[in-house]
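Me: Can you take me through this one? I'd like to start with the charged pairs and then jump around a bit.
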Amino acid sequence: MLATFATLLIFQCLGEGMTFALSLPIPGPVVGMLLLFVALVISPSLLERIEETGSELLRHLSLLFVPAGVGIIVSAATVRGHWLAVIASVIVSTILTLAVTAGVMRLTMPRQVGKSSASAEPKKENDHA
Amino acid sequence: MHNIPELGTIWVYLAASPLLGLTLTLCAYVSAFWLYGRFKFSPLANPVAISIALIIVVLKSTGMSYRDYFSGAQFVHFLLGPATVALAIPLARQLPRLRRSFFPIICGLFSGSITAIISAVTITVLMGGSYQLAVSIGPKSATTPIAMAVSEKLGGLPALTAVLVICTGIFGAVIARFLFNWMRVGSHELRGFALGVTSHGIGTARAFQVSPEMGAFAGLGMGMNGVLTAFLAPWLIPIAVNYLSPFISP
């Protein structure tokens with residue numbers, strides 16, 4: 001567990017260091033993710049070693065958004081008078097983005113792949129989600 | 001016996017240390033997750049939304065400030081960094097499938113990313129929002145740290161952006177299953193990727209609860225859209241705002 005955590009932090013440091021040194025517009029952790037991805041593809045044994053703890057961390061990903069979300073009580077004042085615009089924008093734009101992304105992917109997906117997974121998986125989705 | 005201070009004093013003492021904020025965060029999340037299970041993991045019982053609501057109720061009723069709360073909660077918040085890095089693990093696992101779907105992934109990514117930015121800015125401006133509000137909401141589909149950086153760069157309010165990013169995440173995670181069922185999109189690859197592009201980490205967390213495969217594609221969508229938004233938003237938002245300038249309220 002500790003080795004996995006150390007690995008993740010090392011890659012985060014590498015990512016933060018790179019964004020700072022090259023003044024990239026991308027946040028450090030995302031660069032760290034890309035670097036770790038390359039490392040895992042090169043070394044499958046590293047993947048075996050960190051997979052279990054890493055997946056455990058990702059299972060509780062939701063928890064990590066809670067502290068920032070509670071910040072809504074602080075920013076409530078800044079939206080004064082524009083609640084409707086903000087709510088409409090978030091709702092409509094989110095639905096559009098989901099629909100456009102999935103729609104375009106389905107259109108460009110090779111027929112065979114789209115077909116086989118579409119017929120095999122909806123059942124699973126229904127009893128699981 | 002008479003030396004024991006009253007309850008209010010103990011609370012004030014505890015509230016001054018980071019311990020209380022951290023405990024509150026974990027307890028709220030455990031309770032919210034228990035409820036989520038009771039509701040058979042329905043997307044409507046989103047654990048992030050329930051946790052946030054529970055904590056706000058506690059803060060409001062005890063008069064604890066967000067700053068005091070966050071002094072403890074920041075330890076949880078900090079883990080967002082390593083967790084983002086850890087998304088490389090499911091990605092590496094799914095590499096063969098990613099290779100196979102490379103072209104649809106790139107097409108979905110670009111169309112989704114551009115739709116997210118342009119639609120958010122346009123709707124906000126047309127409904128009377130200011131430039132600052134439009135810029136704050138533009139990068140809302142990117143992951144929190146990226147969205148905040150973009151917002152700050154263009155003159156938005158990063159704290160407001162963080163909240164809008166989380167609202168987008170929760171709303172997308174709640175609505176996705178209904179929308180995809182209606183669109184008859186069944187594949188976990190498509191569902192996951194679209195959810196990650198739209199709803200970043202919260203959508204990804206939701207996707208992992210459905211299946212590891214859906215989670216991996218969501219993680220991919222979130223990572224790629226984060227990077228793309230960081231590049232696209234700084235020039236797309238000014239173009240959109242310029243085009244919409246006759247409608248912008250001062």
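Reply: What follows covers salt bridges, a helix crossing, a surface patch and a few single residues. Note that the model is predicted.

Me: How many salt bridges over all chains?
Reply: The structure holds 6 of them.

Me: Which residue pairs with Glu48(A)?
Reply: Arg93(B), with an N to O distance of 3.4 Å between the side chains. Glu48(A) is in helix H3 of chain A and Arg93(B) in helix H6 (residues 88-93) of chain B, so this salt bridge joins two chains.

Me: And Glu48(A), buried or exposed?
Reply: Exposed, because its relative accessible area is 53%. Arg93(B) has 39% and is therefore partly exposed.

Me: Which residues are in the salt-bridge network?
Reply: Arg97(B), Arg100(B), Glu189(B) and Glu213(B) are linked there.

Me: What is the N to O distance from Glu189(B) to Arg97(B)?
Reply: The closest N and O atoms of that salt bridge are 2.3 Å apart. Since Glu189(B) sits in helix H12 of chain B and Arg97(B) in helix H7 of chain B, the pair ties together parts that are 92 residues apart in sequence.

Me: And to Arg100(B)?
Reply: For Glu189(B) and Arg100(B) the closest N and O atoms are 3.7 Å apart. Arg100(B) is also in helix H7 of chain B, with Glu189(B) in H12, so here the parts tied together are 89 residues apart in sequence.

Me: How accessible is Glu189(B)?
Reply: It has 1% relative accessibility, so Glu189(B) counts as buried. Its partners are partly exposed: Arg97(B) has a relative accessible area of 24%, and Arg100(B) has 48%.

Me: What does Ser101(B) touch?
Reply: Leaving aside neighbours within four places in sequence, Ser101(B) is in contact with Met109(A) and Glu189(B). It is found in the loop between helix H7 (95-100) and helix H8 (102-126) of chain B. At 1% relative accessibility, it counts as buried.

Me: Switching to backbone. What is phi at His200(B)?
Reply: Near 35°, which is a positive value in a residue other than glycine. Most residues other than glycine have a negative phi. His200(B) lies in helix H12 of chain B and counts as buried, at 0% relative accessibility.

Me: What about phi at Arg184(B)?
Reply: Also positive, near 60°. Arg184(B) is in the loop between helix H11 (158-183) and H12 of chain B. With 73% relative accessibility, Arg184(B) counts as exposed.

Me: Back in H12, what does Ser199(B) touch?
Reply: Not counting residues up to four places away in sequence, Ser199(B) touches Thr168(B), Gly169(B), Gly172(B) and Ala173(B). Ser199(B) has 0% relative accessibility and so counts as buried.

Me: Now chain A. At what angle do the axes of H1 and H3 cross?
Reply: Roughly 80°, with the axes of H1 (residues 2-21) and H3 (residues 44-59) of chain A coming within 9 Å. That makes H1(A) roughly perpendicular to H3(A).

Me: Which residues meet there?
Reply: Thr4(A), Thr7(A) and Leu8(A) in H1(A) meet Arg49(A), Ile50(A), Thr53(A), Gly54(A) and Leu57(A) in H3(A).

Me: Last one. Which residues form the nonpolar patch on the surface?
Reply: Trp83(A), Ile87(A), Ile91(A), Val92(A) and Leu96(A), with about 400 Å² of accessible area together. Ile91(A), one of these, is in helix H6 (residues 83-108) of chain A. Its relative accessibility is 33%, so Ile91(A) counts as partly exposed.

Key: Residues are numbered from 1 along each chain as its sequence is written. Chains are lettered from A and ligands numbered from 1 in the order in which they are written. This is a predicted model: local features need pLDDT of at least 70, side-chain atom pairs count only at pLDDT 80 or more; totals for chains, interfaces and linings use all residues. Side-chain values use heavy atoms; hydrogens and water are left out. Buried means under 20% relative accessible area, exposed over 50%, partly exposed in between (1.4 Å probe, protein chains only). Contact means heavy atoms within 4.5 Å. Patches are made of residues with over 30% relative accessible area and no salt bridge: like charges are joined within 9 Å, nonpolar side chains (Val, Leu, Ile, Met, Phe, Trp, Tyr) within 5 Å. Accessible areas come from the Shrake-Rupley method with a 1.4 Å probe; for residues, only the protein chains shown count as cover. A salt bridge is a side-chain nitrogen of Lys or Arg within 4 Å of a carboxyl oxygen of Asp or Glu. Helices (H or I, at least four residues) and strands (E, at least two) are DSSP runs, numbered from the N terminus. Axes are lines fitted to C-alpha atoms, for helices over the stretch in contact, and angles run from 0 to 180 degrees between N-to-C directions. Angles under 35 degrees count as roughly parallel, over 145 as roughly antiparallel, 65 to 115 as roughly perpendicular and the rest as oblique.
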